Amino acid sequence: MSQNKLESVTHCIFDMDGLLLDTELLYSKAFNHITNRYGKEFTWEHKGKIMGMKTNASAQAVLEMLSIPLTVEEFGAELLQLYQELFPTANLMPGAERLLRHLKENKIPIALATSSNKENFELKTQRWTEIFNLFDHKVLGSSDPEVVNGKPAPDIFLIAAKRFSDNPEPSKCLVFEDAPNGVEAALNAGMQVVMVPDPLLPKHYIKNPTLIINSLEEFKPEMFGLPPFKT
C-alpha cells in the first residue's frame with residue numbers, strides 16, 4: 001500500500017470494468033478470439049494502453065498496435081457478438097458490494113463513471129442490477145453525448161461530479177480506478193484517486209495514484225474522512 005497525502009472527501013466516483021466487475025479477462029478472451037486468427041496475441045502490454053478508453057478508440061488502438069486488417073466497424077461487430085455470451089457471466093470484484101452498500105447506508109453520494117456504452121453496460125450488469133441501482137447516477141462514457149473525450153481526458157469524471165445534486169468541487173471527489181488511463185483522467189480532473197491495479201498489469205503503467213491497494217477489501221474509508229466500516 002503506497003500513498004501520498006490524503007485529503008478528506010465527500011463524494012465517491014467509481015469506474016466499473018476491472019474495478020467493480022471482473023471483466024478484464026472477458027475482454028482479453030474476446031480480443032484474442034479475433035486477433036489469434038491473424039497470428040497475433042493481445043497481451044497485458046497492449047491492454048495497459050487501452051484500458052478505460054471509449055469503445056471505438058480502444059478498438060482502433062488494438063487494430064493499429066497488432067496490424068489487424070479489419071475496420072473498426074468489422075472488429076466492433078464481431079466483438080459485440082462475443083460480448084453477448086461473455087459479459088453476462090461477469091462477477092463482482094471482492095469488496096465491491098460491501099463498499100458500495102456501506103457508502104450508500106452512510107448517505108455518501110456515489111456515481112458510476114464507466115467508458116462502457118449502454119448495451120455493454122446492460123450485458124455486464126444484468127445479474128447485478130440491485131448493486132448498480134445503489135448509484136445516485138451513472139455516466140456511460142461511450143453513449144453519453146456530454147463525454148466528448150474519453151479517459152485519460154478528465155471529461156467523464158468532471159461530468160460525473162457536476163451531476164451530483166450538490167455539484168461538489170472536484171477536490172471533494174474520490175475516484176476508484178484500476179486502469180492507468182482512468183487514474184490519469186482522475187488526476188487531470190483535480191481529484192484524488194485510489195488505484196486497484198490488476199496483479200498482471202505491468203508495473204511501468206502505474207503512475208502516481210493517490211493510493212494503491214491490492215483489492216477494494218483493503219480500503220479504509222476513514223483515511224479519506226469517510227465513515228469507517230463497522231467492525
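**Pockets, buried residues and backbone oddities in a predicted model**

With a relative accessibility of 5%, D15 counts as buried. This residue sits in the loop that runs between β2 (11-14) and α1, and everything described here comes from a predicted model. The side chain of D15 makes a polar contact of 3.1 Å with the side chain of K151. Setting aside neighbours within four places in sequence, D15 is also in contact with a scattered set of residues: L20, L112, A113, T114, K151, F176, E177 and D178.

K151 turns up again in the backbone. The peptide bond that joins K151 to P152 is cis, with omega at about 15°. P152 itself belongs to the loop between β4 and α8 (155-162).

Two other loop residues have a backbone worth a look. K107 has a positive phi of about 60° although it is not a glycine, and its place is the loop between α5 (96-105) and β3. With a relative accessible area of 71%, K107 is exposed. N208 likewise shows a positive phi of about 60° without being a glycine. The loop that holds N208 runs between β6 (192-195) and β7, and at 56% relative accessibility N208 counts as exposed.

Next come the pockets. The largest pocket holds about 480 Å³ of space. Its lining is made of 33 residues, and those closest to the centre are Y27, M53, T55, S58 and Y83. Several helices take part: α1 (24-35), α2 (44-50), α3 (55-65), α4 (72-86) and α6 (118-125) are the elements that give two or more residues to this lining. The largest share comes from α4, with six residues. As for chemistry, the lining of the largest pocket splits into 12 nonpolar, 10 polar and 11 charged residues.

The second largest pocket has a volume of about 210 Å³. It is lined by 15 residues, and G18, M93, V196, P199 and N214 are the ones nearest its centre. Here the classes come out as eight nonpolar, three polar and four charged residues.

V196, one of the residues nearest the centre of the second largest pocket, also touches L216. L216 is found in the segment after β7 (211-212) and is buried, with a relative accessible area of 3%. Not counting residues up to four places away in sequence, L216 touches L19, L20, P94, G95, A96, L99, F176 and V196. One of these, L20, is 196 residues away along the chain, yet the C-alpha atoms of L216 and L20 are separated by 8.7 Å. L20 and F176 appear among the contacts of D15 as well.

Back among the helices that line the largest pocket, α2 is where H46 is placed. H46 is buried, with a relative accessible area of 16%. A polar atom of the H46 side chain lies 3.0 Å from the backbone nitrogen of T43. Leaving out neighbours within four places in sequence, H46 is in contact with E41, M65 and L66. Of these, M65 falls within the span of α3 (55-65). H46 and K220 lie 174 residues apart in sequence, and their C-alpha atoms are 32 Å apart in space.

Helix α6, another contributor to the lining of the largest pocket, has its own set of buried residues: N120, F121, L123, K124 and T125. These pack against α1, α4, β3 (110-114), α7 (129-132) and β4 (137-140). Two of those partners, α1 and α4, are also among the elements that give two or more residues to the lining of the largest pocket.

Finally, there is the matter of the cysteines. The structure holds zero disulfides. The sulfur of C12 has its closest cysteine sulfur in C173, 8.5 Å away, and because a disulfide needs sulfur atoms within 2.5 Å, this is too far for a bond. Seen from the other side, C173 is in no disulfide either, with the sulfur of C12 as its nearest cysteine sulfur. C12 counts as buried, at 0% relative accessibility, and C173 is likewise buried at 0%.

Methods: Residues are numbered from 1 along each chain as its sequence is written. This is a predicted model: local features need pLDDT of at least 70, side-chain atom pairs count only at pLDDT 80 or more; totals for chains, interfaces and linings use all residues. Side-chain values use heavy atoms; hydrogens and water are left out. On a 1 Å grid over the protein atoms alone, a cavity is a set of points where a 1.4 Å probe fits but cannot get out, and a pocket is an open set with protein on both sides within 12 Å along at least five of seven lines; lining residues have an atom within 4 Å of a point. Grid points are joined across faces, edges and corners, and a volume is the space filled by probe spheres set on the points. Helices (H or I, at least four residues) and strands (E, at least two) are DSSP runs, numbered from the N terminus. Ala, Val, Leu, Ile, Met, Phe, Trp, Tyr, Cys and Pro count as nonpolar, Asp, Glu, Lys and Arg as charged, and the others, Gly among them, as polar. Buried means under 20% relative accessible area, exposed over 50%, partly exposed in between (1.4 Å probe, protein chains only). Contact means heavy atoms within 4.5 Å. A polar contact is a pair of N or O atoms within 3.5 Å; within protein, one must be able to donate a hydrogen and the other to accept it, and residues adjacent in sequence count only if both atoms are side-chain atoms.
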